[in-house]
Amino acid sequence: MVTAAADLFDLAGQTAVVTGAGSGLGAAIAGGLAAFGATVVAVDVDMAAAEAVVAAIRARGGDADAVECDVTDRPRVESAVLEAETKHGPVRVLATSAGIGMRSPAADMSDRQWSRVIDVNLTGTWNWNQVVGRRMAERRAGSIINVASVAGLVGVTTGNVNYAASKGGVIAMMRTLALEWAPAHVRVNALAPTHFRTPLIENAIRDQPELLDYYVGNIPLGRIGEPAEIVGPAVFLASAASSMVTGHVLAVDGGHTAR
């Protein structure tokens, strides 16, 4: 039986949590999931930014709520999940987009630069995966989408060894969780975007304008991505359209990793 395309991507009645939702790709994913009917819980360490995203979703007729949380604070992650589910019901979709960068040549990288990026990007992602994933497994339903990066798949030369290690770790973690939780009908996948026009990338270009040419030179489509271009892949992985997809890295990279 062929299912109507609209039904495949319909997220109505589902609660979706997006971390790092206050800006960049997280904000785009939050808006996209809401546009396809999900009730979105926008999580960010910057409550004002999360509330602004929620206001924009509501202005377009969507349903959303904001929650403040530092993803590295495990007790707060636990309470934030409880808060979200108490108000909006079981979380059926989790998208982990919270992440930071702290650039430095590898030889000069400080312990703090290494540990802080690993803590936020990898441990923070793990915190949310474990807390939400175990609940999904108990209910035998759910989709987890971890935002990784092409930096976790190919080498980069922009002073990002900490970032690359964190995103490679996210990909390895995702694959293992996909295998562990498949019997419980919880799907775990990852998006691996190339350079997108986000605050992280725009700040890097501001500090080092020559980076733009480097970024574009690695992307066969000849441009960096726009945040709206992450929405389709995220909705696909969240929805029934990807019901047979788990343990997969979906590169949204303009051909970056095809080289």
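Which elements make a right-handed β-α-β unit together with helix 5 (residues 111-139)? They are strand 4 and strand 5, with helix 5 as the third member of the unit. Keep those names in mind as we walk through this structure, which is a predicted model.

## The chain as a whole

Let us start with the overall picture. The protein chain has nine helices and seven strands. Its C-alpha atoms fill a box of roughly 50 × 40 × 40 Å along the principal axes. For 259 residues, a compact globule would have a radius of gyration near 18 Å, and the 17 Å of the protein chain agrees with that.

What share of the 259 residues is buried? Buried residues make up 50% of them. On the outside, the protein chain exposes about 11,300 Å², and carbon and sulfur atoms supply 56% of this area. Contacts also reach across the sequence: among those with a separation of 6 or more, 73% are between residues 24 or more positions apart.

## Strand 1 and its two partners

Now turn to strand 1 (residues 15-19). Five of its five residues are buried, so strand 1 is largely enclosed by the rest of the structure. In a regular strand, side chains alternate between the two faces of the sheet. Strand 1 is covered on both faces, with T15, V17 and T19 buried on one side and A16 and V18 buried on the other.

One partner of strand 1 is strand 2 (residues 39-44), and the two pair in the parallel sense over five bridges. Within this pairing, V17 stands opposite V41 of strand 2. To get from strand 1 to strand 2, the chain passes through helix 2 (residues 24-35), and this β-α-β crossover is right-handed.

Strand 1 also runs parallel to strand 4, to which five bridges join it. A16 faces V93 of strand 4, while V18 has A95 as its bridge partner there.

## Strand 4 and strand 5

Strand 4 covers residues 91-96, and five of these six residues are buried, so this strand too is largely enclosed by the rest of the structure. Besides strand 1, strand 4 pairs with strand 5 (residues 142-147), again in the parallel sense, over four bridges. Here T96 of strand 4 stands opposite N146 of strand 5. This brings us back to the opening question: strand 4, helix 5 and strand 5 form the right-handed β-α-β unit.

The residue pairs named so far can be listed side by side.

| Residue in one strand | Residue opposite it |
|---|---|
| V17, strand 1 | V41, strand 2 |
| A16, strand 1 | V93, strand 4 |
| T96, strand 4 | N146, strand 5 |

## Three residues in loops

The loops have points of interest as well. R140 sits in the loop between helix 5 and strand 5. Its phi is near 60°, a positive value in a residue other than glycine. R140 is partly exposed, with a relative accessible area of 46%.

H185 lies in the loop between helix 6 (161-181) and strand 6 (186-193). Although H185 is not a glycine, it has a positive phi of about 65°. With a relative accessible area of 48%, H185 is partly exposed.

Is G155, in the loop between strand 5 and helix 6, buried or exposed? G155 counts as exposed, because its relative accessibility is 67% and the cut-off for exposed is over 50%. How far is G155 from V18 of strand 1? Their C-alpha atoms are separated by 27 Å, and the two residues are 137 residues apart along the chain.

## Two sides of helix 7

Our last stop is helix 7 (residues 199-207), whose buried residues are I201, A204 and I205. They cover an arc of only 95° around the axis, which puts them on the same side of helix 7. An α-helix has 3.6 residues a turn, so residues three or four places apart point the same way.

What do the buried residues of helix 7 pack against? Their neighbour is helix 8 (211-217). On the face of helix 7 turned away from its buried side, you will find the exposed residues R206 and D207.

Conventions. Residues are numbered from 1 along each chain as its sequence is written. This is a predicted model: local features need pLDDT of at least 70, side-chain atom pairs count only at pLDDT 80 or more; totals for chains, interfaces and linings use all residues. Side-chain values use heavy atoms; hydrogens and water are left out. Buried means under 20% relative accessible area, exposed over 50%, partly exposed in between (1.4 Å probe, protein chains only). Two strands pair if DSSP finds at least two bridges between them. A crossover is right-handed if, with the strands pointing away from the viewer, the path from the first strand over the helix to the second runs clockwise. The arc is that of the directions from the helix axis to the C-beta atoms. Contact means heavy atoms within 4.5 Å. The radius of gyration is taken over C-alpha atoms; the globule rule is 2.2 Å times the number of residues to the power 0.38. Accessible areas come from the Shrake-Rupley method with a 1.4 Å probe; for residues, only the protein chains shown count as cover.
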